[in-house]
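Could you walk me through this structure in my viewer? I have it open and would like to know what to select next and what I will find there.

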Amino acid sequence: MTANINSSDRQNAPAIPILDHKMALVLLGIVVLAGVAAGLIRLFLGLGATTSLSDPYTWGIWIGFDFTLIAFAGAGFTMAAVVHILHQHKYEEAVRPAILAGLMGYVAVLLLLVLDLGRPDRFYNFLLFWNPHSPLFEVSWCILLYTTVLVVETSPFLLERLRWKRLLRLVALIMVPVTILGVTLSSLHQSTLGTLYLNMPHRLHALWFTPILSLLFFVSSVMAGLSMAILAYMAAARIARRPIQPEIVTGLGRFVGWVAIFYAVLKLGELLVAGEFGLLFQANMMSLLMWVEIGIGAIVPAVLLLLPRTRNQRWAQIAAPLMVLFGVLMNRFNATMFAQLLPEGTTYVPHVLEWISTIGILAAAAIAWYLGIRFLAIFDDRVKAGKH
């Protein structure tokens with residue numbers, strides 16, 4: 001699909017309050033500086049002095065946000081698969097904002113992992129000491145390799161802006177195999193993250209523990225990735241002062257709706273087959289968490305996105321993807337923290353440095369994505385070159 005943007009379209013595009021953007025960048029920059037300070041304190045003083053983690057409670061918010069961000073960053077591999085593998089080129093304009101969001105998400109994941117490692121100075125050990133029987137070994141390699149793939153996939157954004165045509169042609173020659181490799185790597189580790197929980201059948205609550213965790217994690221990452229792609233495209237179009245193409249938003253919205261229905265059927269069907277469906281109707285916190293996760297995070301947004309009457313409404317186009325992302329966040333935090341069956345009296349309240357460092361990393365990713373949209377070839381250069 002070739003996008004034709006004329007001067008009248010730009011005049012009709014929503015105005016961007018530049019001052020507000022500058023103020024937001026300043027505030028985010030302050031948060032980043034606070035996060036850097038908190039991160040350095042953690043690296044110098046160690047986990048014991050800077051976190052609320054303990055031997056019974058070894059996974060905190062860093063791991064929760066890692067697993068969540070990996071799912072959200074699925075925007076990159078889902079849109080690459082939709083456009084470049086399934087050849088749905090009408091969504092071409094939404095690819096680059098999604099891939100850039102994916103790269104920022106994976107960089108944030110790597111930074112959080114450094115903070116979470118007991119010995120961050122030995123982060124490279126998995127490269128030297130192989131354990132191919134470990135799911136975590138596969139996850140580590142796939143995240144590293146897929147982040148490299150994302151760097152290659154985003155390189156044309158800079159090369160087009162710099163007009164380095166020879167290097168751009170070289171990158172174009174390898175882009176198809178690199179894209180296929182990226183989709184493969186991302187699919188592998190998105191699912192294997194669920195495999196990590198299979199060694200804790202007596203520690204994870206029955207509403208979340210299932211032999212098909214790998215499949216559920218993969219499907220939910222597709223659902224989250226497409227939702228993030230919608231929001232990234234809409235935000236990028238607004239930042240670039242371009243009109244939003246309604247067919248892109250509604251088309252991707254339909255995809256999200258059907259994947260959300262499939263995910264809900266998988267989850268509820270597995271509980272029914274396992275004889276654990278009745279746990280949903282027990283009056284306790286676990287059943288409430290699951291209903292919030294499935295209801296708000298899958299069923300309600302699926303209805304909003306599959307009914308034509310609401311799918312074409314701007315509020316639903318924003319609210320439904322946000323609800324899906326909230327549901328996936330709840331799923332990752334439920335599995336990692338809230339649904340863990342821990343020894344009596346075990347508690348965990350994140351240390352203030354855990355929060356500051358986490359929010360600082362998220363703020364840095366947001367700033368980098370915004371600057372990428374503003375200054376890299378996300379829209380305009382592709383239009384001028386007649387690419388589609």
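Here is a short tour, stop by stop, through a predicted model.

**Stop 1: a patch on the surface**

Start by selecting Val36, Leu40, Ile41, Leu43, Phe44, Leu45 and Val114, which together make a nonpolar surface patch of about 650 Å². Now colour helix 2, residues 18-45: this helix gives the most to the patch, with 6 residues. One of the patch members to click on is Ile41, which lies in helix 2. Its relative accessible area is 35%, so Ile41 is partly exposed.

**Stop 2: the nonpolar core**

Next, go inside. The largest nonpolar core has 104 residues, and Met79 and Trp369 touch the most other members. Helix 10, residues 213-239, gives the most to this core, with 16 residues. Select Trp369 and show what surrounds it: leaving aside residues up to four places away in sequence, Trp369 touches Pro97, Leu100, Ala101, Met104, Ala232, Ala235, Ala236 and Ile239.

**Stop 3: Leu103 and its contacts**

Move to Leu103, in helix 6. Is Leu103 buried or exposed? Leu103 counts as buried, because its relative accessibility is 10%, and buried means under 20%. Show its contacts too: beyond residues up to four places away in sequence, Leu103 touches Thr147, Leu150, Val151 and Thr154. You can also draw a distance from Leu103 to Glu153: they are 50 residues apart along the chain, and their C-alpha atoms are separated by 9.2 Å.

**Stop 4: the salt bridges**

How many salt bridges does the structure hold? There are 3, and you can visit them in turn.

Begin with Glu93 and Arg242, whose side chains meet at 3.3 Å, N to O. This pair links distant parts of the chain, 149 residues apart: Glu93 is in the loop between helix 5 and helix 6, and Arg242 is in the loop between helix 10 and helix 11. Glu93 is buried, with a relative accessible area of 6%, and Arg242 is buried as well, at 2%. While you are here, add Tyr233, because the side chain of the buried Glu93 also makes a polar contact with the Tyr233 side chain, at 3.4 Å.

Then select Glu160 and Arg96, where the closest N and O atoms are 2.8 Å apart. Glu160 sits in helix 8 and Arg96 in helix 6, 64 residues apart. Glu160 counts as buried at 7% relative accessibility, and so does Arg96 at 9%.

Finish with Asp121 and Arg119, whose side chains meet in a salt bridge at 2.8 Å, N to O. Here Asp121 is partly exposed, with a relative accessible area of 44%, and Arg119 counts as partly exposed at 44%.

Technical notes: Residues are numbered from 1 along each chain as its sequence is written. This is a predicted model: local features need pLDDT of at least 70, side-chain atom pairs count only at pLDDT 80 or more; totals for chains, interfaces and linings use all residues. Side-chain values use heavy atoms; hydrogens and water are left out. Patches are made of residues with over 30% relative accessible area and no salt bridge: like charges are joined within 9 Å, nonpolar side chains (Val, Leu, Ile, Met, Phe, Trp, Tyr) within 5 Å. Accessible areas come from the Shrake-Rupley method with a 1.4 Å probe; for residues, only the protein chains shown count as cover. A salt bridge is a side-chain nitrogen of Lys or Arg within 4 Å of a carboxyl oxygen of Asp or Glu. Helices (H or I, at least four residues) and strands (E, at least two) are DSSP runs, numbered from the N terminus. Buried means under 20% relative accessible area, exposed over 50%, partly exposed in between (1.4 Å probe, protein chains only). A nonpolar core is a set of buried Ala, Val, Leu, Ile, Met, Phe, Trp, Tyr and Cys residues joined through side-chain atoms within 4.5 Å. Contact means heavy atoms within 4.5 Å. A polar contact is a pair of N or O atoms within 3.5 Å; within protein, one must be able to donate a hydrogen and the other to accept it, and residues adjacent in sequence count only if both atoms are side-chain atoms.
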